[in-house]
Amino acid sequence: MGSLVASEAVGTREDRFAWFCQTVSTEVMPVMLSTRHAADFRASVTDLDLGVVRLSALACSPVVSRRTPTHVRRGDPEHLQLAFVTQGAVRISQRGNDSVVAGGLVLTDTSRPSEGACLGEQVESVVLQIPREALALRADRVDRLLARDLAADVGSGAIFADFLRTLLRRGPLCSPEELRGMGAVALDLAVVLLAQQLGDPREAPAEARARETVRRIHRFIENNLGDPDLTPRTIAERHNMSLRRLYTLFDDQSLTVSARIRQSRLERAHADLACASMRGQSVQAIAARWGFSSATGFSRAFREAYGITPTEHRASSQVAPRHG
């Protein structure tokens, strides 16, 4: 099932706030938090791993946050955080913008200082954490949206918000592979939403979208190398595209799709054969582990790539060094 991590503040009331501060600073980013509700503080944090992005649900008593340039230097995941405020309200200030968001969406950048305050008796939000490099939008354009109240009740904002709610509720019942696929969908929806907010749904340039698609395919290949049925056709089908489109995406890559699969499999097998903890595994078992269905074909491909046979590589890797 899915990789869901849920935790709730426990212990004395003062311990609960200390736990929340520690969790946010280590699991999200360094930040200074304060509250007037330490005597009755409550908080919970839930994380769902979606591969390229991460989904977090936070619920807490009112707090004030401040992320300074020092905090940024101390630790920066280089993420854009697209938050859906589902209960209470949040005041957020960043890059000269200041908004109070209740029931809407707000975008922030972990690489910039910011100030925020949770308003109301209990504040809850669902946050999609997006690596900046994964967002196929121009950074200077996206910066215009920081700390602005983005509607979550109409158009693409409503679709995105509903998807996050469903993902948080149903995601734990999905397999890790399914969640990675859902993460790709969440990223695409975020791009559409932000592009729409910028006034041009086509804002994500075709080249940028193509680069992100190729990165997504690379991740898919790396995560499925052990599947002997991993082929260009399988990859195209899983990414809802034609074979021709897949080959076109790889036209400017150093390797074709098939060559990329073969090289990655050989690299993993090469490492396993040199690993002392894998000595109990036969060469054929290691080959099968990385998707090679034919021992002869594996041996031939290995020799072509490295100039020696798999058995010779294993023997040479296990020779104990001499000590003078």
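Visitor: What makes strand E4 and strand E9 a pair?

Guide: Two strands pair if DSSP finds at least two bridges between them. Seven bridges join E4 (residues 53–60) to E9 (residues 114–131), so they pair. They run antiparallel. Arg54, for one, has Gln129 as its bridge partner in E9. Strands here are DSSP runs of E, at least two residues, and helices are runs of H or I, at least four, both numbered from the N terminus. This is a predicted model: local features need pLDDT of at least 70, side-chain atom pairs count only at pLDDT 80 or more, and totals for chains, interfaces and linings use all residues. Residues are numbered from 1 along each chain as its sequence is written, and side-chain values use heavy atoms, without hydrogens and water.

Visitor: How do you know that E6 pairs with E9?

Guide: The pairing of E6 (residues 79–94) with E9 is antiparallel and spans 13 bridges. The cut-off is at least two, so E6 and E9 qualify. Phe84 is matched with Val126 in E9.

Visitor: Why is the set of 36 residues called a nonpolar core?

Guide: A nonpolar core is a set of buried (under 20% relative accessible area, 1.4 Å probe, protein chains only) Ala, Val, Leu, Ile, Met, Phe, Trp, Tyr and Cys residues joined through side-chain atoms within 4.5 Å. The set of 36 meets that, so it is a core, the largest one. Leu50, Leu135 and Phe160 are among those with the most contacts inside it. Helix H5 (176–197) gives the most, eight residues.

Visitor: Which residues does Leu135 contact, leaving aside neighbours within four places in sequence?

Guide: Leu80, Ile130, Val142, Leu187, Val191 and Leu194. Contact means heavy atoms within 4.5 Å.

Technical notes:
Buried < 20%, exposed > 50% of the residue type's maximum accessible area, 1.4 Å probe, protein only.
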